[in-house]
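Got the model open in your viewer? Let's walk through it one selection at a time.

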Amino acid sequence: MNPLTIILKYVNEYWFEECLEQFIKSNIVEKILLICTSEYSFQSEKCKLIKSEHITSGKFLNNLLNEIKTEYFAIVNSCLPIYLGQNALERLLNVSHQTSSAIVYSDFYEFDSYSHIDHPLLDYQIGSARDDFDFGYITLFSTASVKKALKKYGEIEDVKYAGLYDLRLKTSIENRIFHLPEFLYTIDTSNAKKSSNQERHFDYVDPRNRTTQIEMEKVFTSYLKNINAYLEPEFDKVPEYKIVFPVEASIIIPVRNRIQTISDAVESAVEQKTTFPFNCIIVDNHSTDGTTEIIRRLSIKYKNVKHIIPERTDLGIGGCWNEAIYSELCGRYAIQLDSDDLYIDSNVLQKIVDMFHKNKYAMIIGSYKTVNLKLEEIPPGVVDHKEWTPKNGRNNALRINGLGAPRAFNTALLRELGGFPNVSYGEDYTVALRISRQYQIGRIYEPIYLCRRWAGNTDAKLTIEQANKNNFYKDKIRTIEILARQKLNKTEK
């Protein structure tokens with residue numbers, strides 16, 4: 001018997017049979033399981049038709065595994081033409097065998113009618129447990145490793161969309177997942193409709209995907225319990241700090257070269273109506289485009305606008321936040337306002353601080369609406385992160401790449417925990433995970449913030465390399481946090 005079964009979804013396109021033929025001709029492929037919603041005729045005895053609408057269904061995958069008699073199986077998950085490189089399948093098999101890896105995946109090329117573009121992927125780590133980790137379009141599995149994992153941790157959950165996610169997580173607990181940094185195949189994207197970076201960035205918060213998110217959370221929570229990283233909804237009390245603050249709240253705006261938007265942001269801050277004193281601390285990270293002059297004029301016009309230019313020149317956004325929160329100007333609570341963005345009205349600051357006073361939270365996170373520079377709503381619209389719950393939010397935070405905005409902090413506690421990492425991506429996520437490990441985070445589910453999307457945003461039009469760099473960093477932060485939670489659970493036992 002040949003060692004490999006291919007699981008391939010049928011696509012009703014002119015190119016499909018050409019792609020299928022590659023697998024039929026392979027000397028190491030024993031069986032091809034064609035997933036199809038209707039009848040489809042084929043000539044090869046290697047092929048077997050299996051009717052299903054959702055390859056991600058848990059019930060379907062459990063039944064499918066019973067069909068697999070080979071040592072390995074590969075899931076080819078593409079609705080685009082896919083073309084194998086030289087000895088691509090053989091290479092995946094050899095690497096899996098040599099490294100004793102349960103899952104192997106590789107880099108690939110994208111062909112866009114004009115050129116081949118490298119599409120490198122990331123190495124897998126324990127913090128890569130997010131549901132949108134990119135394995136590319138061909139993923140090889142060791143059948144024995146998968147079946148052993150499912151026997152120990154339970155078969156794939158009865159879910160419609162999260163079955164593959166559950167399969168991967170359970171297999172990863174005691175097995176190696178190996179990334180092969182070789183370009184083993186090509187995906188033809190010439191006729192594909194490409195979504196923008198912005199649309200991909202917000203996929204997981206699209207309200208249309210809420211059913212999927214609920215399933216993903218269920219699967220992920222079970223995984224955390226299996227690896228002893230799950231935290232019960234029991235929180236430490238925020239300490240009572242005997243510190244005299246100059247004001248009750250500070251709006252923090254880190255900025256560098258935002259001449260087009262900084263005035264609107266500052267005006268949004270100073271227009272806040274409160275029953276307590278507040279200020280707006282702008283940390284100007286050595287702007288060179290005229291932003292500094294605008295801030296200087298605004299600080300003269302408004303007495304509660306404080307302009308800080310750091311002595312250091314090596315600061316990221318997190319470092320700028322540290323300049324603000326450790327400053328003698330900072331208030332009891334520090335509230336985020338990005339230099340691109342606006343508060344939705346003049347009552348936001350009062351609403352956040354009232355919530356701090358009432359519930360003694362360590363941190364509060366609001367909801368926002370995505371708009372363009374004209375303040376017109378654009379997809380995905382309102383982002384409220386309703387997947388966060390007092391019962392399981394601190395666990396589910398490890399599954400997704402962000403927790404919402406605006407973010408507000410108890411300043412004294414934030415100082416005690418060491419402030420922010422000096423980076424310009426993921427600094428807020430890092431702090432939120434650390435806080436949620438120990439303290440309760442409050443949520444405001446109505447939109448109180450306008451997140452303006454435009455060409456100047458730091459996450460606009462990211463290259464593959466930059467997106468990988470960002471995702472790798474957040475995966476690393478999740479790795480740190482999962483290890484810390486495992487250590488905490490082990491200590492408490």
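Start by selecting S100, which sits in the loop between α3 (88-99) and β6 (101-111). This is a predicted model, so take the backbone here as a prediction too. Check phi at S100: the value is near 55°, positive although the residue is not a glycine. Is S100 buried or exposed? With a relative accessible area of 61%, S100 is exposed, because anything over 50% counts that way.

Next, jump to H286, in the loop between β11 (278-284) and α9 (291-301). Here again phi is positive in a residue other than glycine, near 60°. H286 has 26% relative accessibility, so H286 counts as partly exposed.

While β11 and α9 are on screen, bring up helix α8, residues 262-270. Color its buried residues: I262, A265, V266, S268, A269 and V270. What do the buried residues of α8 pack against? Show β10 (249-255), β11, α9, β12 (305-308) and β14 (342-343), and you have the partners.

Now for some helix pairs. Select α4 (residues 143-153) together with α5, which covers residues 163-172. Their axes come within 8 Å of each other and cross at roughly 90°. That makes α4 roughly perpendicular to α5, because angles from 65 to 115 degrees fall in that class. For the side chains, pick V146, A149, L150 and Y153 on the α4 side, which meet L167, K170 and T171 of α5. Colored by class, this contact shows five nonpolar residues, one polar and one charged.

Keep α5 selected and swap α4 for α7, residues 210-226. How far apart are the axes of α5 and α7? They lie 10 Å apart, and the helices pack at an angle of about 10°. This makes α5 roughly parallel to α7, because the cut-off for that label is under 35 degrees. The α5 residues to show here are Y165, D166, L169 and S172; across from them, α7 brings M216, V219, F220 and Y223. By class, the contact of α5 with α7 splits into six nonpolar residues, one polar and one charged.

Time to look for holes. How many cavities of 30 Å³ or more does the structure hold? There are four, and the largest has a volume of about 50 Å³. To find the largest cavity, select its lining: L8, K9, V11, W15, F16, C19, V76, S78, L80 and I82. Eight of those lining residues are nonpolar, with one polar and one charged making up the rest. If you're coloring by secondary structure, look for β1 (4-9) and α1 (16-25), since each supplies at least two residues of that lining.

Last stop: the cis peptide bonds. Select P379 and P380, which are joined by one with omega about 5°. P380 has its place in strand β16, residues 377-383. Then move along to A405 and P406, where another cis peptide bond has omega at about 0°. Rather than a strand, the setting for P406 is the loop between α12 (393-396) and β17 (407-410).

Technical notes
Residues are numbered from 1 along each chain as its sequence is written. This is a predicted model: local features need pLDDT of at least 70, side-chain atom pairs count only at pLDDT 80 or more; totals for chains, interfaces and linings use all residues. Side-chain values use heavy atoms; hydrogens and water are left out. On a 1 Å grid over the protein atoms alone, a cavity is a set of points where a 1.4 Å probe fits but cannot get out, and a pocket is an open set with protein on both sides within 12 Å along at least five of seven lines; lining residues have an atom within 4 Å of a point. Grid points are joined across faces, edges and corners, and a volume is the space filled by probe spheres set on the points. Helices (H or I, at least four residues) and strands (E, at least two) are DSSP runs, numbered from the N terminus. Ala, Val, Leu, Ile, Met, Phe, Trp, Tyr, Cys and Pro count as nonpolar, Asp, Glu, Lys and Arg as charged, and the others, Gly among them, as polar. Axes are lines fitted to C-alpha atoms, for helices over the stretch in contact, and angles run from 0 to 180 degrees between N-to-C directions. Angles under 35 degrees count as roughly parallel, over 145 as roughly antiparallel, 65 to 115 as roughly perpendicular and the rest as oblique. Contact means heavy atoms within 4.5 Å. Buried means under 20% relative accessible area, exposed over 50%, partly exposed in between (1.4 Å probe, protein chains only).
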